[in-house]
Amino acid sequence: MNVRGVTKRFGDRVALRDVSFEAADGELVAVIGPNGAGKTTLLSIVGGLLRADAGEVSRPPREVGWVPQQAAVYSKLSVAENLRLFARLEKCADPEAAVDRMLEQTGLRDRAGDELGTLSGGNRQRVNIAVGLLADPPVLLLDEPSSALDPRQRERLWEFILGLASGGTTVVFSTHDVGEAERHADRVLVLADGELLFAGTPDELEAEVGGDARDFEAAFVRFLHARGH
Amino acid sequence: MRWLLLKDLQILRRSPLLVALLLAYGGLVGALLGFAVQRDDVKPKVAFLNEVPSSAVGIKIGSQQIDASKYANRLFESVDPIRVKTRAEAIDTVRRGDAIAALIIPPDLTRRLQSVISLAGTGAPPTVEVLYNEENPLKTQAVESRIKARLADANKAISQKLTQISAGYLGILLHGGEFSLLGQKFSVLGLQRTRDVVQQTLRRLPNDAPQRADLERVANFAQLAIDNLDLSKPVLASIGEPLHVKRTVVAGKHVSANAFYIALAASVTLMIIGLFLGGGMLALEREEHAFGRLVRGPVSRWELLVEKVLLGAIAALAATLVELVVISLFDDLRWGRIAGWMAALLIGGLAFGAVGTAFGALTRDVRATTLLAILVALPFAFLALIPSGVVAGWVYDIVRIVSAIFPFKPALQALNAGLNDADPGLARPLAHLAILAVAYTAIARAGLRRFA
């Protein structure tokens, strides 16, 4: 997937300024940065929720699975009903087969008949991701997927996402947890005030600040300071 | 769109309390209105205490005796009397709510009536007493109005009887005849025959007879009296009912108050349910964070809006239909006009659903949508009920303009036309509602630009 020169303004404020990056098949790309950096705006444009004022995205929205930060599913419907609804809306060729596949993939077959409102945050997020994967998209966007989860749920979620990537799905995710980015991402994109400051591996980011930082988080903070943020 | 509609109906089905409330709302409003505007043949219960001794029910007018109880019965024509024996029992019956009022005929009623008729005294006028339970001002007003109307009927009947008796005496005075007094029968000559006798006598008298001048004066007086007393009968007849009313409708067809209230209740239910469902279910898409996921591909914003407008209309139609069916148990519903009022329900529901979606799109929150719906809907409903002629002309013009921008008034007109064949007919309000439905859907679409 190629993103070229994406710019977005909200009135006078520039939310994204000429952002470009690439992501290969099966690659895990983390978008990190301070609050208000433009992470969600970037993912929203790539996912087709927002229109960019300038720039282009190589993949049309129908080829990109979108998983918002908060579970965008109906709490009064069951797991299977949610999946079936979105499979029909996404015009999947065989909605029932898609539902079956996602129940298998998320490990929620036993909970298929349960209302979403009765599930734990982790299981809700798995359904949220499953809805994003119903159309079997080559690219999956996840906006802070683990922010509301406890460590155990987070670990299970990452097992699931890593499984997707190993199957060839390109995964782009935003996160506040830079440790998570270091652990799971093949590459990180550092955004601040709408500008893409860095694109590379976590090791390259640490090397960028001199390589003597205590850990990746310290290197990240030092990097931002060095760039005036 | 159908999958979205099915999803919303599924969500509603999973909220049985909400669905029950929505349906119960229509049914409850229908039942309440049914009790309030029940058929005319259902009479309210009124306690009745007659303290007039049975030996004193008659009133004497000249040589005739009339039965006052016959006229008191007029008071019962529109109420269901509960006979009680004492004043305390009457009060207790009203306090307990077994009767909505009590009517007490005091023991001296016929005596006072006799006094008034015979012009014999200056004492208190004959008075009947009515006791009300004031816990419900509307109920009191309704009963008071019925009793006053029946009292006016009784007064009129007594007056007509008096007029009839007086006219009888005038007839005897004019034409002569038999007259009874104190058990004795008298033959009265009458003015016409008096005049004839005098004129025959005059014809027999010589022209220079000294009695001629006096007899001619008597004949002239008799003729004058005959001419004027002949006029007295219509004058007397007019005393009982001096003013008559001729009713001519120059604008709008006549619709009974009950029938109008039914259209009004149906409009209120249609409005509340349409606004709540249309707006609430749209705002729910945002609260469930599903809006962004839906409109990024699978569903367009227009499709989403039209689906919510339809949902609001269907729910409003269903709840109002329940209400009308419940009302039909109490009052006559014109099922023969079902096509007309179903069209009014459907187009009205669409208009209210569209307003609801506009509210939902602007507030972006279910509770705020509901609050806004109540805050906006009620003033518009009250505005629509202001009749012409009670405010200054320019104020009424403003009221008309403001009412025209909200669907309540055209919905009320359409339902009134559909249910009661009232003016201005169906076509104009339905067209008005359709325009409002489109306009508010467009406003909602504009609101969706900052919805996600």
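In which sense do β5(A) and strand β6 (residues 139–143) of chain A pair, and over how many bridges? Keep that in mind while you get your bearings; we'll reach those strands soon. One thing to know before clicking around: this is a predicted model.

**Stop 1: chain A as a whole**

Select chain A and switch to a cartoon view. You should find eight helices and nine strands. Chain A has 229 residues, and buried ones make up 45% of them. Now think about which parts of the chain meet. Take the contacts in chain A between residues at least 6 apart in sequence: 67% of these join residues at least 24 apart.

**Stop 2: the sheet**

Next, pick out the strands β5, β6, β7, β3, β8 and β9 of chain A. In that order they make an open sheet of six strands, with mixed pairing. At the edges sit β5 (64–67) and β9 (195–200) of chain A, and each of them pairs on one side only. Turn the sheet and follow its twist, which averages 15° from one strand to the next.

Zoom in on β5(A) and β6(A) for the opening question. They pair in the parallel sense, over four bridges. Show side chains here and look for A:W66, which stands opposite A:L141 in β6(A). Then add helix α4 of chain A to the view: α4(A) packs on the sheet and touches β5 and β6 of chain A. The direction of α4(A) makes about 160° with that of β5(A).

**Stop 3: two helices side by side**

Keep α4 (residues 121–133) of chain A selected and add α2(A). How are these two arranged? Their axes are 9 Å apart, and the helices pack at an angle of about 20°. Angles under 35 degrees count as roughly parallel, so that is the word for α2(A) and α4(A). Their crossing is right-handed.

To see where they meet, show these residues as sticks:

- from α2(A): A:V79, A:N82, A:L83 and A:F86
- from α4(A): A:V127, A:A130 and A:V131

Colour them by class and you get six nonpolar residues, one polar and no charged ones in this contact.

**Stop 4: where chain A meets chain B**

Finally, bring chain B into view. The contact between the chains takes 20 residues from chain A and 16 residues from chain B. Which helix gives the most to chain A's side? You have just been looking at it: α2 (residues 79–89) of chain A, with four residues. Colour chain A's side of the contact by class too, and this time you'll find 11 nonpolar, four polar and five charged residues.

Conventions: Residues are numbered from 1 along each chain as its sequence is written. Chains are lettered from A and ligands numbered from 1 in the order in which they are written. This is a predicted model: local features need pLDDT of at least 70, side-chain atom pairs count only at pLDDT 80 or more; totals for chains, interfaces and linings use all residues. Two residues are in contact if their C-beta atoms, placed from the backbone, lie within 7 Å. Ala, Val, Leu, Ile, Met, Phe, Trp, Tyr, Cys and Pro count as nonpolar, Asp, Glu, Lys and Arg as charged, and the others, Gly among them, as polar. Axes are lines fitted to C-alpha atoms, for helices over the stretch in contact, and angles run from 0 to 180 degrees between N-to-C directions. Angles under 35 degrees count as roughly parallel, over 145 as roughly antiparallel, 65 to 115 as roughly perpendicular and the rest as oblique. A crossing is left-handed if the near helix is turned anticlockwise from the far one by less than a right angle, and right-handed if clockwise. Two strands pair if DSSP finds at least two bridges between them. A residue is buried if 20 or more other C-beta atoms lie within 10 Å of its own, exposed if 12 or fewer, and partly exposed in between; C-beta atoms are placed from the backbone.
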